[in-house]
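Here is a short note to read beside the model. Please keep the sequence and the picture open while going through the points.

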Amino acid sequence: MVWGLVPADALRGAQKYYILAPGTYKVGRKDCDIIVQMDPSVSRLHAEIVVDQMISSMILNAGSTKSNSHVRIRDSSKFGTFVKKELGPKARLRQGEEATLIEGDIVTFGTGNASFRFCCVPFRIFIHRPMRGQLRSIQSIASSIGATVTSNWSTECTHTLVNESSLVTTELIEAILAKQLVILVHWFEVLAEKNICTEFPSCTAYLPNLNLEDNMVRIVDPKIRENCLDGYLFVLGSCHEQYKFGDKLQLLLEMIGAKFVGADEYLLDSQTSTVKENNQVVLVVSGESTSEFNNSRKFSSLSRISDVKLMVAILSGNLDSSLIEVPSIVISSSHSTDETIVADSDVETDTALSTQAGTNIKSETAKDNDTEDDDTSGKREDEEHVKNSDVEETANCMPMPIEEDVILIRKFDKSDASDIGRHENSDILYSQDLIVRNTIASVQPISSKASSVNFKCFRKRETVSGNSFRDLIPFSKDPYKESEHGRDESDYMRDERKRKKLEAIAEEMFNSEKLKKRAAASTSLEAFLARC
């Protein structure tokens with residue numbers, strides 16, 4: 001138990017003082033342990049408070065020892081010190097006199113308003129899952145300040161100490177429900193190092209990280225948790241036993257002021273319609289079983305969050321949207337046809353397929369041109385071959401009949417009883433692979449990535465892409481190749497190469513002439529110098 005001197009009135013400049021160890025503490029206007037400057041009648045060394053022994057609050061509350069607090073006050077001033085008991089008049093202490101202080105006494109220094117209430121601050125420490133030998137060391141520290149330590153949680157506990165990365169248990173949840181601040185053990189060790197202080201060490205620097213089902217949770221101040229789940233409406237199951245911490249989840253939601261309803265209450269639209277409109281409805285499911293929510297179609301369209309993730313959000317004071325599972329989207333069709341056929345259009349063709357077909361046609365033409373250069377005698381036959389191949393490739397690019405070109409996709413009819421039982425009112429389930437087609441049957445097989453294109457990405461056949469190779473490099477005839485082997489040069493490229501060769505020859509001739517002139521000039525200068 002810690003002794004405290006608390007200002008009896010809200011006086012300007014008055015401070016609280018906490019005594020944490022036995023000893024003699026000086027009270028005065030200057031250079032003292034307890035500074036009192038509210039009254040000019042307070043001497044520089046006005047009084048002394050003597051603590052003979054630190055006792056626990058349990059011993060103090062016992063009837064036989066309640067008056068024996070082991071704390072005395074001794075006056076050392078000119079104007080005296082006044083002590084007022086709860087049941088008695090104010091008694092003045094003259095210089096050298098002393099009196100015993102008990103909880104509730106009012107001590108006045110001087111003749112003014114410098115009054116303090118003498119009180120005790122109980123310390124009953126709950127240490128959560130202490131390590132081996134840690135409980136004994138904490139008990140020795142606690143005895144020096146009159147505190148008690150226990151490893152079992154109860155409502156009488158005033159502080160909860162944990163180690164870093166401790167597991168979250170039911171006892172710890174009960175301490176949080178009691179709005180106690182969960183702090184590290186090191187905070188208590190720092191507190192016990194002081195003899196007297198005006199305030200306890202700040203707890204914000206000693207907040208722990210706890211482990212909840214392999215999720216690290218940063219514990220925050222209880223005030224931060226308040227209203228941290230605004231904008232959400234949580235739907236809880238009727239059986240709380242399915243959740244990890246049972247009914248503790250609902251109690252935590254009540255503590256922080258979150259909105260929640262039961263599953264049965266949510267089905268009654270008349271009672272919760274207003275709340276649904278203003279909040280995002282989230283279904284709280286258990287990691288073990290969700291059979292309760294599979295019976296109703298209303299629950300299938302709700303976002304979901306597991307009870308463990310919701311507990312993480314409550315303890316950390318923040319609900320990350322990534323923890324919420326968005327429901328799958330179901331697209332319902334109003335058509336009643338038995339089959340849906342998606343065929344290729346005469347005007348539009350797929351970008352990836354048309355580009356591949358054009359590349360194949362160009363490669364066939366390039367091969368025919370190579371044959372034309374090597375064998376001039378068979379020129380007519382090669383031209384006919386090129387024409388035939390062009391006709392065949394063009395024919396392959398034309399839309400095929402529906403029976404050969406497309407794959408029919410069957411749509412679930414509402415009249416089919418088996419389909420209704422499985423999908424209810426849904427006709428088509430959305431998928432990226434909904435439409436499958438084979439536009440070019442005779443073209444060389446392409447990779448699976450090119451065939452599984454998005455069916456929404458189309459362009460017209462005659463439209464040339466702005467990123468084509470010809471737009472980037474106009475003088476190139478064929479697409480870029482790593483090697484020049486087996487490739488014909490265009491007239492422009494041959495002229496360009498000849499021009500570069502001529503420029504190199506001209507530059508070499510110019511440099512040689514310049515060197516000859518310099519040599520001749522140096523020879524004439526040497527001859528002139530020799531004559532002189």
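The numbered points below go from the whole protein to one sheet and then to one pair of helices.

1. Basis. This is a predicted model, in which local features need pLDDT of at least 70 and side-chain atom pairs count only at pLDDT 80 or more, while totals for chains, interfaces and linings use all residues. Residues are numbered from 1 along each chain as its sequence is written, and side-chain values use heavy atoms, with hydrogens and water left out.

2. Overall content. The protein has 16 helices and 26 strands. These are DSSP runs numbered from the N terminus: helices are H or I with at least four residues, strands are E with at least two. Of the 532 residues, 36% are buried (under 20% relative accessible area, with a 1.4 Å probe and protein chains only). The exposed surface is about 32400 Å², and carbon and sulfur atoms supply 51% of it (areas by the Shrake-Rupley method with a 1.4 Å probe).

3. Contacts along the chain. Take contacts (heavy atoms within 4.5 Å) between residues at least 6 apart in sequence: 62% of them join residues at least 24 apart.

4. An open sheet. In the order β8-β7-β10-β11-β1-β2-β16, 7 strands form an open sheet with antiparallel pairing (two strands pair if DSSP finds at least two bridges between them). Strands β8 (90–93) and β16 (196–197) are at the edges with a single partner strand each, so one side of each has no neighbour in the sheet.

5. Strand β1 and its partners. Which strands pair with β1? Strand β11 (residues 115–121) does so over 6 bridges, antiparallel, and Trp3 stands opposite Cys120 there. Strand β2 (residues 17–19) also pairs with β1 in the antiparallel sense, over 3 bridges, with Leu5 opposite Tyr17. Strand β1 covers residues 2–7, and 5 of its 6 residues are buried.

6. The other partner of β11. Strand β10 (residues 106–109) is joined to β11 by 3 bridges, again antiparallel. Val107 has Phe116 in β11 as its bridge partner.

7. A helix pair. Helix α6 (residues 248–255) packs against helix α9 (residues 307–316) at an angle of about 35°, with the axes 11 Å apart. Axes are lines fitted to C-alpha atoms over the stretch in contact, and angles run from 0 to 180 degrees between N-to-C directions. From α6, Leu249, Leu252 and Leu253 meet Asp307, Leu310, Met311 and Ile314 of α9. By class, this contact has 6 nonpolar, no polar and 1 charged residues; Leu, Met and Ile are among those that count as nonpolar, and Asp counts as charged.

Terms used
Buried means under 20% relative accessible area, exposed over 50%, partly exposed in between (1.4 Å probe, protein chains only).
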